[in-house]
Every structure is written in structure tokens, then in C-alpha cells.
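User: I would like to go through this model by question and answer, with the reasoning spelled out each time.

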Amino acid sequence: MILKSSQIAHADSLSVKSLVHFVIELEKLFKRIGEYLLSGDETVSTAESVTAGFLQFSFSQMKDASNFLKAA
């Protein structure tokens, strides 16, 4: 497939917009999960090998994470 330079620039712009939208939605999801855990006095523990620490990192970025995250 041959793309014109104007098409490539447009595709890059769409990719960046998609990534930004994804990150914003992910932040909203993390916020809701954190609020849910705090409201129910719940905790989360992780011991990861498959996701290379992504879940632990994600939970640790939530507001007041130290109140519900019990990292192993």
C-alpha cells in the first residue's frame, strides 16, 4: 500500500488522538475502581508475573492507593 505524505500525517494524528482518549478513559476507570474499593473498605493484593507489574503499577497510581493496595 502506498500512502501520500498527507495521509501519513493524518494517520499519525489519529493514532495520537486515540492514545490520548485511551489514557483518559483508563484514568476514569482507575478512579472508579479506587472509589469503589475505598467505599467498601476493600483491599487489593497483587503478585504478578504475567503482566510484568502493570496491575500493581496501575493500582498504585490511583488516589489514596495506600488505603487499599497491599503489594506483595
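**Core, surface and backbone**

Analyst: In this predicted model, the largest nonpolar core has eight residues, namely Phe30, Leu37, Val44, Phe59, Met62, Ala65, Phe68 and Leu69.

User: How many helices and strands does the protein have, and what pattern do they follow along the sequence?

Analyst: The secondary structure of the protein comes to two helices and two strands. Helix α1 covers residues 5–39, strand β1 covers 44–46, and α2 (54–60) and β2 (69–71) have a loop between them. Read along the sequence, the pattern is α-β-α-β.

User: In which element is confidence lowest, and in which is it highest?

Analyst: For the protein, the mean pLDDT is 79, and 78% of the residues reach 70 or more. Broken down by element, confidence is lowest in β2, at a mean of 75, and highest in α2, at 84.

User: What share of the 72 residues is buried?

Analyst: A residue counts as buried when its relative accessible area is under 20%. The protein exposes about 6000 Å², of which carbon and sulfur atoms supply 61%. Of the 72 residues, the buried ones make up 15%.

User: Which residues does Ala65 contact, leaving aside its neighbours within four places in sequence?

Analyst: Ala65 belongs to the largest nonpolar core, as does Phe59. In soluble globular proteins, nonpolar side chains tend to be buried together. With its neighbours within four places in sequence left aside, Ala65 is in contact with Phe59 and Ser60.

User: Is Ile33 buried, partly exposed or exposed, and which residues does Ile33 contact when neighbours within four places in sequence are left aside?

Analyst: Ile33 lies in helix α1 and, at 28% relative accessibility, counts as partly exposed. The C-alpha atoms of Ile33 and Met62 are 8.5 Å apart in space, although the two residues are 29 apart in sequence. Leaving aside neighbours within four places in sequence, the contacts of Ile33 are Phe59 and Met62.

User: Of the contacts with a separation of 6 or more, what percentage comes from residues 24 or more positions apart?

Analyst: The pair Ile33 and Met62, in contact and 29 residues apart in sequence, illustrates such a separation. Across the protein, residues 24 or more positions apart account for 62% of the contacts with a separation of 6 or more.

User: What distance separates the C-alpha atoms of Ser45 and Gln56?

Analyst: Ser45 is found in strand β1 and, at 55% relative accessibility, counts as exposed. Ser45 and Gln56 are 11 residues apart along the chain, and their C-alpha atoms are separated by 8.3 Å.

User: How far apart in space are Ser66 and Thr43, C-alpha to C-alpha?

Analyst: Ser66 sits in the loop between α2 and β2, where it is exposed, with a relative accessible area of 61%. Ser66 and Thr43 are 23 residues apart in sequence, and their C-alpha to C-alpha distance in space is 9.5 Å.

User: Which side chains meet in a salt bridge, and at what distance?

Analyst: A search of the whole structure finds one salt bridge. Its partners, Lys28 and Glu25, are three residues apart in helix α1, so about one helical turn separates them. Lys28 is partly exposed at 47% relative accessible area, and Glu25 is also partly exposed, at 35%. The side chains of Lys28 and Glu25 meet with an N to O distance of 3.3 Å.

User: Which residues form a nonpolar patch on the surface, and what is their accessible area together?

Analyst: Val16 is placed in helix α1 and is exposed, with a relative accessible area of 53%. The patch is formed by Val16, Val20 and Ile24, and their accessible area together is about 250 Å².

User: What are the phi values of Asp41 and Asp64?

Analyst: Most residues other than glycine have a negative phi, and most peptide bonds are trans. Asp41, in the loop between α1 and β1, is exposed at 71% relative accessibility. Asp64, in the loop between α2 and β2, is partly exposed, with a relative accessible area of 38%. Both residues have a positive phi, near 55 degrees for Asp41 and near 60 degrees for Asp64.

Methods:
Residues are numbered from 1 along each chain as its sequence is written. This is a predicted model: local features need pLDDT of at least 70, side-chain atom pairs count only at pLDDT 80 or more; totals for chains, interfaces and linings use all residues. Side-chain values use heavy atoms; hydrogens and water are left out. Patches are made of residues with over 30% relative accessible area and no salt bridge: like charges are joined within 9 Å, nonpolar side chains (Val, Leu, Ile, Met, Phe, Trp, Tyr) within 5 Å. Accessible areas come from the Shrake-Rupley method with a 1.4 Å probe; for residues, only the protein chains shown count as cover. A salt bridge is a side-chain nitrogen of Lys or Arg within 4 Å of a carboxyl oxygen of Asp or Glu. Helices (H or I, at least four residues) and strands (E, at least two) are DSSP runs, numbered from the N terminus. Buried means under 20% relative accessible area, exposed over 50%, partly exposed in between (1.4 Å probe, protein chains only). A nonpolar core is a set of buried Ala, Val, Leu, Ile, Met, Phe, Trp, Tyr and Cys residues joined through side-chain atoms within 4.5 Å. Contact means heavy atoms within 4.5 Å. pLDDT is the predictor's confidence in each residue, from 0 to 100.
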